[in-house]
Amino acid sequence: MCANIAIGTYVRIKNQAAIGQVISISLDKVLIDFGKLHFYLPLQSVETVMFPSSIRKNRPLSNNVTIPTRSMPADPILDLHGFNKAQALCALEKFINHALLLGHCRLKIIHGQGKGILRSAVRNYLNYHPLVKRITLQSPVHCMAGMTIIEI
């Protein structure tokens with residue numbers, strides 16, 4: 001058991017970027033608050049961190065432009081081709097939660113163009129998702145009608 005982990009301590013999953021706060025400890029498991037998500041994890045899988053200085057990933061410039069450091073991961077992409085509506089929404093929920101834990105803030109969802117059934121279902125779901133801060137539906141630089149970009 002890690003003696004330095006206590007209730008209120010900030011921790012992260014080893015080798016991951018997401019930082020949460022310990023809510024409770026029981027036997028060899030710890031309950032961690034990651035914003036709107038709570039997870040029970042083995043004590044051995046987490047490490048204590050100093051908050052907030054240890055979560056800085058970007059180096060800000062004076063004109064509010066950030067340059068990613070080498071450790072900044074690429075935007076994750078979820079390709080929903082071949083999924084039906086129910087499968088796609090289930091996969092999308094898991095994708096968002098996993099990306100949040102890994103510290104990603106911008107995600108790309110490929111749903112295809114087709115008749116727009118899957119696109120409509122995905123975008124409707126995202127409009128009401130509590131973790132989604134911003135949705136980009138179409139951008140000539142980033143995507144076409146077959147992709148939606150979100151920020152969490």
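In what order do the five strands of the open antiparallel sheet stand? In this predicted model, the order is β4-β3-β2-β1-β5. Neighbours in this sheet pair in the antiparallel sense. Strands of a sheet pair through backbone hydrogen bonds, either parallel or antiparallel. The edges are held by β4, residues 37-42, and β5, residues 46-48. Each of these edge strands pairs on one side only. On average, neighbouring strands of the sheet are turned by 45° against each other, direction ignored.

The overall inventory places this sheet in context. The protein has two helices and eleven strands. Along the sequence, the elements follow the pattern β-β-β-β-β-β-β-β-α-β-α-β-β. The protein has 152 residues, and 35% of them count as buried. Contacts between residues at least 6 apart in sequence were also examined. Of these contacts, 51% join residues at least 24 apart. The protein exposes about 9,600 Å². Carbon and sulfur atoms supply 57% of that area.

One edge of the five-stranded sheet can be followed in detail. Strand β1 covers residues 10-13. It pairs with β5 in the antiparallel sense, over three bridges. Within this pairing, Ile13 has Val46 of β5 as its bridge partner. A salt bridge also joins the two strands: Arg12 lies in β1 and Glu47 in β5. The closest N and O atoms of Arg12 and Glu47 are 2.9 Å apart. The two residues are 35 residues apart in the chain, and the pair links distant parts of it. Side chains of opposite charge can pair when their charged atoms come close. Both partners fall between the limits for buried and exposed, which are under 20% and over 50%. Arg12 has a relative accessible area of 25%, so it is partly exposed. Glu47, at 27%, is partly exposed as well.

Thr9 lies in the segment before β1. Is Thr9 buried or exposed? Its relative accessible area is 18%, so Thr9 is buried. The side chain of Thr9 reaches the backbone oxygen of Ala6 at 2.7 Å. Beyond its neighbours within four places in sequence, Thr9 is in contact with Asn4, Gly20, Gln21, Val22 and Thr48.

The model holds a further open sheet, this one of four strands. Its order is β8-β9-β11-β10, and its pairing is mixed. Strands β8, residues 77-79, and β10, residues 134-136, stand at the edges. Each has a single partner strand, so one side of each is left without a neighbour in the sheet. Neighbouring strands here are turned by 20° against each other on average, direction ignored. Strands β9 and β11 pair in the antiparallel sense over five bridges. Strand β11 covers residues 147-151. Ile110 has Met147 of β11 as its bridge partner.

Both helices can be placed against these strands. Helix α1, residues 85-102, packs on the four-stranded sheet. There, α1 touches β8, β9 and β11. Its direction makes about 160° with that of β9. Helix α1 also lies across β1, β3 and β4 of the five-stranded sheet. It runs at about 65° to β4. Helix α2, residues 117-127, lies across β9, β10 and β11. The angle between α2 and β11 is about 10°.

Within the four-stranded sheet, Lys108 sits in strand β9, which spans residues 106-110. Is this lysine buried or exposed? Lys108 counts as buried, because its relative accessibility is 19% and the limit for buried is under 20%. Its contacts, leaving aside neighbours within four places in sequence, include Asp75, Pro76, Ile77 and Leu78. Phe95, Met147, Thr148 and Ile149 are also in contact with Lys108.

How many salt bridges does a search of the whole structure find? The search finds two. One is the Arg12 and Glu47 pair described above. Another joins Arg134 to Glu151, with the closest N and O atoms 3.4 Å apart. Arg134 is in strand β10 and Glu151 in strand β11. This pair, too, links distant parts of the chain, with the two positions 17 residues apart in the count. Glu151 is partly exposed, at 30% relative accessibility.

Methods:
Residues numbered from 1 in each chain as written. Predicted model: local features only at pLDDT ≥ 70, side-chain atom pairs only at ≥ 80, totals over all residues. Heavy atoms only, no water. Buried < 20%, exposed > 50% of the residue type's maximum accessible area, 1.4 Å probe, protein only. Contact = heavy atoms within 4.5 Å. Pairing = 2+ DSSP bridges. Axes fitted to C-alpha atoms, helices over the stretch in contact; angles between N-to-C directions. Polar contact = N/O pair within 3.5 Å; in protein donor to acceptor, adjacent residues only side chain to side chain. Salt bridge = Lys/Arg side-chain N within 4 Å of Asp/Glu carboxyl O. Areas by Shrake-Rupley, 256 points an atom, 1.4 Å probe, with all protein chains shown as cover.
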